[in-house]
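Trainee: I have a new structure to look at and no idea where to begin. Can we go through the pockets and then pick a residue?

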Amino acid sequence: VRDANSNPAPSANITLTNSHIFGASSYTATAGPDGSYTVEGVFVGSFTVSASDSVTRLSGFVTGSIASDSEEASANITLSSSGTVTGTVYRYGGTTAASNIDARLLIGGSQAASTTTDVNGRYTFQFVPIGSFVVDAADSATGDRGRTTNQISVNNETRTVDVVLNGVGSAVVTVRDAGGNPVSDANVIVSSGSQFGSAYTGTTDANGTAAFNNVLAGPISVS
């Protein structure tokens, strides 16, 4: 880990997030006097490493992957100016705060950090590099989603970014043949036309009907 002048960043805080076939794992480490760090036991798959210096308030991140067992991947990080992103996640309508929501910070399409909203729907990401970012929010209980884009413009800036969830509803699909008779055991796919592009699958019952709960609000297509 080094600063923009290639000087080592000793004692920088390291967080590695690893996505793999078993799910996701997170690891922490601290850079040594020469700025180096090592994280062992990382699964085969993609990873994101973020680094921050609490003294200089500089931060940075890098993405990479491990393709095979026992591979040693190199992930060098250059620290730069950063700020703080904080805000509240609201339910559809923008008035009711949403607690226990998974919030992710995306930079350049890659996840740089993640957290969970508190009882007041609040979240905070520190050491966010200068530039544009996306805050993505997801309710694991209902599948509701929310997303907004913003940016950090200057060092030590605190940017307040609220996110309003899209909202969810229900869809009931009935399948009939050319004679108007209900078709049972038909495979049905409901595709969301929202920015999140979710798809829901089901099978019709004896009445030719398939019900889908927690479908993201907005246009849908059925096949």
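Mentor: Start with the lining of the largest pocket, which divides into 13 nonpolar, 9 polar and 6 charged residues. Keep in mind that this is a predicted model.

Trainee: What volume does the largest pocket have?

Mentor: Its volume is about 620 Å³. The lining counts 28 residues, and those closest to the centre are Tyr 37, Val 39, Glu 72, Ala 73 and Ser 74.

Trainee: And the second largest pocket, which residues lie nearest its centre?

Mentor: Those are Thr 15, Ser 50, Ala 112, Ala 113 and Ser 114, out of 26 lining residues. Among the elements that give two or more residues to this lining are strand S1 (13–20), S3 and strand S7 (110–116). The space in the second largest pocket is about 450 Å³.

Trainee: Which element gives the most to that lining?

Mentor: S8 does, with 6 residues.

Trainee: How many polar residues are in the lining of the second largest pocket?

Mentor: There are 14 polar residues, along with 12 nonpolar and no charged ones.

Trainee: Switching to a single residue: where is Thr 48?

Mentor: Thr 48 sits in strand S3, which covers residues 45–53.

Trainee: Buried or exposed?

Mentor: Thr 48 counts as buried because its relative accessible area is 9%, and the cut-off for buried is under 20%.

Trainee: What does the Thr 48 side chain have for polar company?

Mentor: A polar atom of that side chain lies 3.1 Å from the backbone oxygen of Gln 111. Beyond its neighbours within four places in sequence, Thr 48 is in contact with residues including Thr 15, Phe 61, Gln 111 and Ala 112.

Terms used:
Residues are numbered from 1 along each chain as its sequence is written. This is a predicted model: local features need pLDDT of at least 70, side-chain atom pairs count only at pLDDT 80 or more; totals for chains, interfaces and linings use all residues. Side-chain values use heavy atoms; hydrogens and water are left out. Helices (H or I, at least four residues) and strands (E, at least two) are DSSP runs, numbered from the N terminus. Buried means under 20% relative accessible area, exposed over 50%, partly exposed in between (1.4 Å probe, protein chains only). A polar contact is a pair of N or O atoms within 3.5 Å; within protein, one must be able to donate a hydrogen and the other to accept it, and residues adjacent in sequence count only if both atoms are side-chain atoms. Contact means heavy atoms within 4.5 Å. On a 1 Å grid over the protein atoms alone, a cavity is a set of points where a 1.4 Å probe fits but cannot get out, and a pocket is an open set with protein on both sides within 12 Å along at least five of seven lines; lining residues have an atom within 4 Å of a point. Grid points are joined across faces, edges and corners, and a volume is the space filled by probe spheres set on the points. Ala, Val, Leu, Ile, Met, Phe, Trp, Tyr, Cys and Pro count as nonpolar, Asp, Glu, Lys and Arg as charged, and the others, Gly among them, as polar.
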